Amino acid sequence: MVRRALGNHRDGADTLLVTPDTTQTESMAEETEKLRELIKRARFVLFDFDGPICRLFAGHSAERIASDQVRWLEERGLRGLLTKEERAQPDPHAVLRAVDRRHPGSDLVAELEERLTQQELTAVASAWPTQYADPLIMTWHAMGSRLAVTTNNSPRAVTRYLDDRNLSQCFAPHVYGRTQDLHLLKPHPHCLNRALSAMGAEPSAALMIGDAPTDYQAAVEAGVGFLGYARNERKAKLLEEAGAACVVSSLEPVLRVLRGQA
């Protein structure tokens, strides 16, 4: 328990006792105020896809996809393209980037990227919507904000998911995802800049919602405000270490603040 004196009073009967509950309430108020300021300025909202909108690989393991990519390369006698550490990566994007570094713009990279796109399209069927994401998207759209998806995933997978959830009208045509120019994946701000240009948006009037340090880095490069979404403590720590000043563990307070500004 922390003691905080009232004004110039000395400790005694008139001392304010600040309990952990009081401290927590003050912290929540500060976080709400941060959210309010971010949302108030945002006339354009850029969503990352896998994380803030859904868990794309909830039922179709990303780790298994990465392993399949490694096996596919090995079957073609290309095991030596990857280091031992790269072969153990659970992230299919990491494998794709590694091959692109050795053979940028090659047919091999194009084929591997297309294989990943097909896996992402399959994953859409078992993707889990992020809690509160659908009403948040629909509310922002109804309030007149312009929305876009800026992601390292395939735009074809994003479009299929949005169609399945009846959310396409909230974003169309502003879905900007992975191309075969893999050096332009986030943290490069390319997809954010494409979205800003297409919507005629000033960066200062835009907000990105992302769940990875690469999202934050891309937002900084593009001059866009950033709200971190972290579904667990590990992701929250990574975002905070990257420099994100406002990170939420749920989209519920974002929705609540947004509705309060309607």
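**Exercise 1.** In this predicted model, locate proline 187 and determine which residue is joined to lysine 186 by a cis peptide bond.

*Solution.* Proline 187 is found in the loop between E7 and H9. The peptide bond joining lysine 186 and proline 187 is cis, with omega at about 25 degrees. A further cis bond links alanine 172 and proline 173, where omega is about 5 degrees. Proline 173 belongs to the loop between helix H8 (168-171) and strand E7 (175-176). As background, most peptide bonds are trans.

**Exercise 2.** Determine which face of helix H10 is buried, and what packs against the buried residues.

*Solution.* Begin with the buried residues of H10 (residues 213-222): Asp215, Tyr216, Ala218, Ala219 and Ala222. Viewed down the helix axis, these residues fall within an arc of 165 degrees, so they line one face of H10. Next, consider their partners: helix H9 (190-199), strand E8 (206-210), strand E9 (225-229) and helix H11 (233-242) pack against them. Finally, glycine 223, just after H10, adopts a positive phi of about 75 degrees.

**Exercise 3.** Classify asparagine 166 as buried or exposed, and state where this residue lies.

*Solution.* The relative accessible area of asparagine 166 is 56%; the cut-off for exposed is over 50%, so the residue is exposed. Asparagine 166 sits in the loop between helix H7 (155-164) and H8. Its phi is near 55 degrees, a positive value in a residue other than glycine.

**Exercise 4.** Establish whether glutamine 69 is buried or exposed, and which residues it touches.

*Solution.* Glutamine 69 is part of helix H2 (residues 62-75). Its relative accessibility is 4%, so it counts as buried. Leaving aside residues up to four places away in sequence, glutamine 69 touches Pro92, Val95, Leu112 and Leu116.

Technical notes:
Residues are numbered from 1 along each chain as its sequence is written. This is a predicted model: local features need pLDDT of at least 70, side-chain atom pairs count only at pLDDT 80 or more; totals for chains, interfaces and linings use all residues. Side-chain values use heavy atoms; hydrogens and water are left out. Buried means under 20% relative accessible area, exposed over 50%, partly exposed in between (1.4 Å probe, protein chains only). Helices (H or I, at least four residues) and strands (E, at least two) are DSSP runs, numbered from the N terminus. The arc is that of the directions from the helix axis to the C-beta atoms. Contact means heavy atoms within 4.5 Å.
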